[in-house]
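Student: I would like to go through this model feature by feature. Please define each term when it comes up.

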Amino acid sequence: MGLLVLIGVIYVGYRKYTAVPVPPPKPLLVKKPAPAPVEVTPVAKPQTTLGQAVEKAREAVAAVETNRTAPAGEVIRSAAAPAPAAAQVTPPSSPAAPSVLPPPAPAVISGPNPQLRTFVEKLKIGGVRVGPPARLFLGGVTYKPGDVIYQPFGIVFVGVDPKTEELLFKDDTGTVIRRRY
């Protein structure tokens, strides 16, 4: 019985080590069909409200580009809203003698714009470098003297006063605003 088991093990081993491996089957290559061309037909008028708003915006941009601006009411007014009555403008009659107006008085600025002062006071200062050249770090951006901080107010970083530990800002009117750092 042991002899039969030994012969069986030898036979199985011989078949296992002398067998020729069968190569795996090649994968099938499937080509994607070419996409069919899509014909785009322009829609005469947008169907959705959003599409109509986009179309009005495009028309407004085209009017500005060709220097034919329409009144803001024309651009904003929807098609369902009634049109306002047009006012007729009559040209003024020629004056008998030209009137001479005195020149306007220079504007007296008592201080910076309150919105401007509030903006400067609420700045989140990340860091200040006093040495030459001075640097200001706001919100991940480094500013040098002369750089514009906020364009709508025309706020420019002027520099740092190390004696008083103040930052100097100037607005578009030339008013200097100081803020401690």
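**Questions on the model**

Student: Glu165 has a relative accessible area of 38%. In which exposure class does that place Glu165?

Tutor: This is a predicted model in which local features need pLDDT of at least 70 and side-chain atom pairs count only at pLDDT 80 or more, while totals for chains, interfaces and linings use all residues. Residues are numbered from 1 along each chain as its sequence is written, and side-chain values use heavy atoms, with hydrogens and water left out. Buried means under 20% relative accessible area, exposed means over 50%, and partly exposed is what lies in between (1.4 Å probe, protein chains only). At 38%, Glu165 is therefore partly exposed.

Student: Where in the chain is Glu165, and what is its phi?

Tutor: Helices (H or I, at least four residues) and strands (E, at least two) are DSSP runs numbered from the N terminus. By that numbering, Glu165 is in the loop between strand 5 and strand 6. Glu165 is not a glycine, yet its phi is positive, at about 55°.

Student: How many helices and strands are there, and in what pattern do they follow each other?

Tutor: The chain has four helices and seven strands. Along the sequence, they give the pattern α-α-α-α-β-β-β-β-β-β-β.

Student: Which residue forms a salt bridge with Glu165?

Tutor: A salt bridge is a side-chain nitrogen of Lys or Arg within 4 Å of a carboxyl oxygen of Asp or Glu. For Glu165, the closest N and O atoms of the pair are 3.6 Å apart, and the partner is Arg180. The two are 15 residues apart, with Glu165 in its loop and the partner in strand 7. At a relative accessible area of 53%, this partner is exposed: Arg180.

Student: Which residues are joined into one network by salt bridges that share partners?

Tutor: The count of salt bridges comes to three. In one of them, Arg178 and Asp161 meet at 3.3 Å, N to O; Arg178 lies in strand 7 (residues 176-180) and Asp161 in strand 5, so the pair ties together parts 17 residues apart in sequence. In another, Arg178 meets Glu166 at 2.8 Å, N to O, which links strand 7 to strand 6 across 12 residues. The network formed through shared partners consists of Asp161, Glu166 and Arg178.

Student: Is Arg178 in that network buried or partly exposed?

Tutor: Its acidic partners are both on the buried side of the cut-off: Asp161 has 18% relative accessibility, and Glu166 has 16%. Arg178 has 42% relative accessibility, so it counts as partly exposed.

Student: Which aromatic pair is stacked?

Tutor: Rings of Phe, Tyr and Trp (its six-membered ring) pair if their centres lie within 6.5 Å; planes under 30 degrees apart count as stacked, over 60 as edge-to-face and the rest as tilted. There are two aromatic pairs in the structure. The stacked one has its centres 4.5 Å apart and 25° between the planes: Phe119 and Tyr150.

Student: How far apart in sequence are the parts tied together by Phe119 and Tyr150?

Tutor: Phe119 is partly exposed at 23% relative accessibility, as is Tyr150 at 31%. Phe119 lies in helix 4 (residues 114-121) and Tyr150 in strand 4 (residues 148-150), so the separation of the parts they tie together is 31 residues.

Student: What kind of pair do Phe157 and Phe169 make?

Tutor: Phe157 in strand 5 (residues 155-161) and Phe169 in strand 6 (residues 166-170) are 12 residues apart, and both are buried. Their ring centres are 6.0 Å apart and their planes at 55°, so the pair is tilted.

Student: Which element gives the largest share of the largest nonpolar core?

Tutor: A nonpolar core is a set of buried Ala, Val, Leu, Ile, Met, Phe, Trp, Tyr and Cys residues joined through side-chain atoms within 4.5 Å. The largest one has 14 residues, among which Leu136, Ile149, Phe157 and Phe169 touch the most other members. Helix 4, strand 2 (135-138), strand 5 and strand 6 each give two or more residues. The largest share, three residues, comes from strand 5.

Student: What percentage of the residues in the chain is buried?

Tutor: The chain has 181 residues. The buried ones make up 13%.
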